[in-house]
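Consider the charged side chains in this structure and the pairs they form. The text below goes through them one by one.

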Amino acid sequence: DAVEFRFGVTVHEAVDDAQVCLSITHSNGTLVSGPGTRDVGLRSGRLEGDACFRMRIDDIKLLPGTYEVALTLRDSELLQVFDSVSSALRFDVLPGSDNELSGLVTLRPEWSIER
């Protein structure tokens, strides 16, 4: 299934090339992934006032469980933190058609046997 995360920010003082660092963590504390705008070369340009960052995952492969999203807004070099939210979003992944029981993500493997 596809999912899109949208995060609105209000910048009180102009910021050049702000970076959003997002982390998805399982409720047991395990980091699932930490994608950021810098990873994909997204440049925000000069931010002033309101802006909305969007991140789309076309085929999220999380196994059932509870997950949290944390956000950090940083400078272009990732050295200065402008703001952070440790629990911006909490969501549950419900059981679906995948039968895997272990881990955090499904690889959606295709098994076969040769004789």
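Glu 4, Arg 6 and Arg 54 are linked in a network of salt bridges. The model in which this network appears is a predicted one. Within the network, Glu 4 pairs with Arg 54, and their closest N and O atoms are 4.0 Å apart. This pair links distant parts of the chain: Glu 4 belongs to strand S1 (residues 3–16) and Arg 54 to strand S4 (residues 46–57), with the two positions 50 residues apart in numbering. Glu 4 has a relative accessible area of 33% and is therefore partly exposed. Arg 54 counts as exposed, because its relative accessibility is 56% and the cut-off for that class is over 50%.

A further salt bridge joins Asp 17 and Arg 43, with 2.5 Å between the closest N and O atoms. Asp 17 lies in the loop between S1 and strand S2 (19–26), while Arg 43 lies in the loop between strand S3 (31–33) and S4, so the pair ties together parts that are 26 residues apart in sequence. How do the two partners stand, buried or exposed? Asp 17 is buried, at a relative accessible area of 13%, whereas Arg 43 is exposed, at 62%.

Arg 56 and Asp 58 also meet through their side chains in a salt bridge, at 2.7 Å from N to O. Arg 56 is exposed, with a relative accessible area of 53%, and Asp 58 counts as exposed at 55% relative accessibility.

The pairs described here are among the 7 salt bridges that the structure holds.

Conventions: Residues numbered from 1 in each chain as written. Predicted model: local features only at pLDDT ≥ 70, side-chain atom pairs only at ≥ 80, totals over all residues. Heavy atoms only, no water. Helix = DSSP H or I, 4+ residues; strand = E, 2+ residues; numbered from the N terminus. Buried < 20%, exposed > 50% of the residue type's maximum accessible area, 1.4 Å probe, protein only.
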